Amino acid sequence: MKPLADSFFGILNHFRLIEERVPVDTFLDEIAEGRKKSFYDSKGKIHPDSHHIFLRGVVINNRNKDFFIGDILENVQYLNYLYFPKITEWMKNFSIRHRGSLGRVYISFLKPHGHVVRHADRGIYYAAKDRYHLVIKSRGTEVFLGSQSSTFQEGEVWWISNKVPHEIFNNYDEERVHLVFDLLPGSFFRRIRNIILWVYFTMGRRLKFSGLRLDRSQIIGLKSL
Ligand SMILES: [Fe+2]
């Protein structure tokens, strides 16, 4: 009964603290070095105050150039992935511990006093997946999901229901760094739980936005990595 209980109880909670005291200090050197070599996505309406370094994401080619990124299911590893070996090793172990398979992964840099505009992550890609945030560098990230709010601290891993409209604030003078990643849960019940939330919050309310546009020339050909 445990997986069923774990999957459905708390369906109305949009947050859950999953792990604490992740040794994120050991990731900082890698972030400083890796961000010099990595390519970033462009800024968009949703994320004007952020930069993202995608480690895994969609392939954009001539067949899906008129794409809505939320509806692309396939994900591949980018060159960027290779620049962050400690972080990706931790993430791989996390996905094994939590019996999930990796979807998209990015490192999110939110500038001092920056803000992520209220939005929901829409598209079929998100339907069954769980989204996690690992707080790598922050004095406390204020996150609003629906009518609920929480403050994420360094070294914590949070599950969030990103199908619910959400908004994020960095209220401090320092840049904030999170690792954001999706796992397709191994548990059938968790998938069903996520799909129920997805249907409830997103059906018929598709939002097209330019927040996650990547430079095509940097992505084609990376599939074989
Ligand atoms: Fe989002």
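**Note on the sheet, helix α3 and the nonpolar core**

1. In this predicted model, β4 and β11 run antiparallel and are joined by 9 bridges. Within this pairing, valine 105 has phenylalanine 181 of β11 as its bridge partner. Strand β4 also pairs with β2, again in the antiparallel sense, through 6 bridges. Two of the facing positions may be worth locating in the viewer: isoleucine 53 stands opposite isoleucine 107 in β4, and histidine 51 stands opposite phenylalanine 109 in β4.

2. These pairings belong to an open sheet of 7 strands, whose order is β1-β9-β6-β11-β4-β2-β3 and whose pairing is antiparallel. The edges are formed by β1 (15–19) and β3 (76–77), each of which pairs on one side only. As for β4, the strand is mostly covered, since 9 of its 11 residues are buried.

3. Helix α3, spanning residues 85–97, has 13 residues and reaches 18 Å from its first C-alpha to its last, which is close to the 18 Å expected at 1.5 Å a residue. Its buried residues are Ile87, Thr88, Met91 and Phe94. Because these residues cover an arc of only 115° around the axis, they lie on the same side of α3. On the other side of the helix, the exposed residues are Pro85, Glu89, Lys92, Asn93, Ile96 and Arg97. After α3 comes arginine 99, whose phi is positive, near 50°.

4. What do the buried residues of α3 pack against? Their partners are α2 (28–37) together with three strands, namely β2 (50–57), β4 (100–110) and β11 (176–185). The helix therefore presents to these elements a set of buried residues that share one side of α3.

5. Nonpolar side chains tend to be buried together in soluble globular proteins. Here the largest nonpolar core has 33 residues, and those with the most contacts inside it are Leu55, Ile136 and Leu179. Two or more residues are given to this core by each of β2, α3, β4, β6 (130–137), β7 (141–145), β9 (157–160) and β11. The element that gives the most is β4, with 5 residues.

6. Which residues is leucine 179 in contact with, once its neighbours within four places in sequence are left aside? They are Ile87, Met91, Ile107, Leu134 and Ile136. Of these, Ile87 and Met91 are among the buried residues of α3, while Ile107 is the residue of β4 that stands opposite isoleucine 53. Ile136 is, like Leu179 itself, one of the residues with the most contacts inside the largest nonpolar core.

Key:
Residues are numbered from 1 along each chain as its sequence is written. This is a predicted model: local features need pLDDT of at least 70, side-chain atom pairs count only at pLDDT 80 or more; totals for chains, interfaces and linings use all residues. Helices (H or I, at least four residues) and strands (E, at least two) are DSSP runs, numbered from the N terminus. The expected span of a helix is 1.5 Å times one less than its number of residues. A residue is buried if 20 or more other C-beta atoms lie within 10 Å of its own, exposed if 12 or fewer, and partly exposed in between; C-beta atoms are placed from the backbone. The arc is that of the directions from the helix axis to the C-beta atoms. Two residues are in contact if their C-beta atoms, placed from the backbone, lie within 7 Å. Two strands pair if DSSP finds at least two bridges between them. A nonpolar core is a set of buried Ala, Val, Leu, Ile, Met, Phe, Trp, Tyr and Cys residues joined through C-beta atoms within 7 Å.
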